[in-house]
Structure formats: structure tokens, C-alpha cells
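Trainee: I would like a close look at a single part of this structure, the place where the ligand sits. Could you walk me through it?

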Amino acid sequence: MSDQSNRKQSIVTRVAQALHFVEAETGAVVPAIQPAATYARDENYEVRKPYWYRRDGSQTTVHAEAIIAELENGAESLLFSSGMSACTAVIEHLPTGAHVVVPKVMYHGVLQQIQNYEKNKRITVSHYTAGNLGELASAVRAGETQLVWVETPNNPNWEVTDIAAAAEIAHEVGAKLIADCTATPPSMTRALELGADISFHSATKYLNGHSDITAGVLSVKETGQFWDDIAMVRKLQGTVLHSQDAWLLIRGMRTLFLRVERSCKNAMAIAMHFEGHPHIEAVLYPGLASDLGHEVAKRQTGGQFGGMMSIIIKGTEQTAIDVTRFCELFYPATSLGGVESLVEHRKTVSGEGFPVHPRLLRLSIGIEEADDLIYDLEQALARACG
Ligand code: PLP
């Protein structure tokens, strides 16, 4: 038998086997769900395990966290009941009056939450144009800024931000960098290795991949007081991921690399097909050589460019909405990162006042046959654009 002790296994192998899970008692290669809300103490009235009440997590949740920590090459990960609750915990742990720098346009839910905290005078906020490092450097304040927020690629225009350069800017003024890389999961972008202090993913998306849970995850390369504070917010707000959902997440992650590779391949084929199309004004996708973020993305996301893109339809806002109505394969639904392809008119979803092009359609490309997806968009465009 070969000696595996000195040989580092690929992360692809580790994730496919949920960290080579084997249940000690039965040999089962699939973990059971631990649904308990409470745990009995031992005969000395001591807690037997790290778990004593569900708001601190369970074996199932911790197993999922261990897989993500390994994927991120991080020290620890914390799972929340949604991406939003994870982001909220990060904002909530900041001291009152903390200065935060965020993109002008980003995932609308996180932006709205940051604006709520600003309105209530909990934090102060400065903005920069996503991807623009010069503007980011001007927005941070030495000794004052506590957190810099990067989303890359950035909803819904998919601007790419250089995480390593942003980390340098943040660290120079004593701030921490959080990177939301939801659109390019840790099989593609390992934000901690690039210099981010906190890596965030809405695990609702690619990590789970099957559109059947909501989840959010934070990972760090170094723990410390700030990490304990964030964990305390999760505990006190009761936003830990449920065991049942953690189990679905573990199952989903086993195929992460395969799913993401296929989505990326499909997305590239679709972007190339529709670039310069007579009914399309622009294709926003970092995989296109013409895209402003292409070179940084090439370095940062391991040679893959993700399954997310947007297209700006020629015509009117109604023409764009009609394209979503006429699609027969693409589901006209929000979210992203599932095995099924989705199309959405982003302005309808983000609400009035959010700066998004009125003719922008966001596409989440799944793992179907690329030709079928291209055909579907072609027929919908032909009907909508007449
Ligand atoms: N960040 C990004 C980039 C997202 O796309 C989303 C959701 O779409 C979130 C955060 C929020 O995650 P969730 O929907 O899991 O709460």
C-alpha cells in the first residue's frame, strides 16, 4: 500500500468526499443530520461536547464549516442561515461610528442593509466605484476606516476588483478587507490567499448549487477578538445555519468543482455567441477579452470566469422584460449559482432608486447543454425584438 501520509491530497478530492467522511460506528460514507436543539450534560453536569444548544451550531453545521474552511484555505468558517445574516453580523459587530467603505453599486440587499445602519447613525459610509482602486484609495481614511467591502465580480455589472490591491489599500489605513466572492466560489477565488481578512459567500448560490437552501458563510485566515464578536452576534441573533440545511449544503458541495466548471464553460460559450449580436447592446462578462476586468479576473479566478453575466438588450425596458417572458428554458427567477439557468430583469428586482440599467438582464448560467440555452435566448430575443 502506498504511503499517503506525506502526500497532500487535492482539494477536489477532499471536497468530493466531504473530507473523507466515514461514520465511526457504522462506516456510512454520508453523515447523518444532527437535528437536536439541546444536548444533555454528563453525570458531573458538564457539557460533553462543544455543543450544548443549537444557537452555537451542531455537528452537521460544523462539518459543513470544516469543508468550507479547507476550500478557503482558512483557519475557521462560520455558517449563517442566509448570506444576508452573515453580512449583517459583520456590520453589527462594528463599534458605533465605525467608518466603512463600500462600492456604490453592489448586491442590493447588502447595500440596503449598510444604508439602514448609516441612516440609524450606527456607522458612517463612503463609496467607491466597483473595480476602481484609485477611488477606493481616496475613500479610505487612515486610522478611521475599519472595514473595506469588496464584491467581485460585482452585481449586476460584473466589474472585477483586484483583491490583493484592495487588501493593501485597506491594510495601509488599518482597516480589514471583506471580499464577497459569491459569484466565483472558492473553487475559483480564494480571497484569503489573496489578502482578504474575511471571505464571504452567499452559500445559497454555488456552494450549495441546487436552489434548495439559503445560507451564508464567513471565513478567516486568522481568528481574534473580531471573529469572536461576529460569532457572538450569530449566537445572540440565533442566525446559525439549520442542521438540515447544513446537510444539504454538504451534499451540494461534493459536486462543487464539477458544477462550477460546467457553468463557466457554458457561460463563456453564451457570452461569445451573443457579443456583437444585433439585438444586444452589450454583454457584461469578465471572460470576454474585451472586458475591462478580464486580465485581473484571469489571475484572480484561476483561469475560469464564472457563470454570471448580464446582457443589455436593445430597444425599450419592456423589450428587456419581454425577453424574460419569452424564455422557455431559462427560468424567470432571481438568485444564482444553481444547476438551472435563470434570467432576471434586474431593475424590477432591485427596486426603484437602485442604480441599474433599465434594459439589463442578469443571467445565471447553469449546467444544461450550452446550445439549448443559446437557442432559448435566440428565440426569446427574436420574439421580443421582432
Ligand atoms: N451577496 C451577493 C453577491 C448575493 O448575490 C447575495 C444574494 O443574492 C447575497 C450577498 C445575499 O445572500 P442570501 O440571499 O443568501 O441572503
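Trainee: How many Å is a nitrogen atom of the ligand from an N or O atom in the side chain of aspartate 180?

Mentor: Happy to go through it with you, keeping in mind that this is a predicted model. For aspartate 180, the distance from a side-chain N or O atom to a nitrogen atom of the ligand is 2.7 Å. Oxygen atoms of the ligand have polar partners too: a polar side-chain atom of threonine 204 lies 2.6 Å from one such oxygen, and for lysine 205 an N or O atom of the side chain is 3.0 Å from a ligand oxygen. As for cover, the ligand taken alone exposes 380 Å², and the protein buries 91% of that. Two elements give two or more residues each to the surrounding shell, namely helix 3 (83-92) and strand 6 (198-202).

Now let us take the shell as a whole. The ligand is surrounded by 14 residues, and Asp180 and Thr204 are among the closest, together with Gly83, Met84 and Ser202. Sorted by class, the shell holds six polar residues, five nonpolar ones and three charged ones.

Since you asked about the ligand site, I will add just a short note on another element, helix 2. Ten of the 14 residues in helix 2 are buried, so that it is mostly covered by the definition of under 20% relative accessible area. Its buried residues include His63, Glu65 and Glu72 as well as Ile67, Ile68 and Leu71. Just after helix 2, asparagine 73 takes a positive phi of about 55°.

Terms used: Residues are numbered from 1 along each chain as its sequence is written. This is a predicted model: local features need pLDDT of at least 70, side-chain atom pairs count only at pLDDT 80 or more; totals for chains, interfaces and linings use all residues. Side-chain values use heavy atoms; hydrogens and water are left out. A residue is near a molecule or strand if one of its heavy atoms lies within 4 Å of it. A polar contact is a pair of N or O atoms within 3.5 Å; within protein, one must be able to donate a hydrogen and the other to accept it, and residues adjacent in sequence count only if both atoms are side-chain atoms. Accessible areas come from the Shrake-Rupley method with a 1.4 Å probe; for residues, only the protein chains shown count as cover. Helices (H or I, at least four residues) and strands (E, at least two) are DSSP runs, numbered from the N terminus. Ala, Val, Leu, Ile, Met, Phe, Trp, Tyr, Cys and Pro count as nonpolar, Asp, Glu, Lys and Arg as charged, and the others, Gly among them, as polar. Buried means under 20% relative accessible area, exposed over 50%, partly exposed in between (1.4 Å probe, protein chains only).
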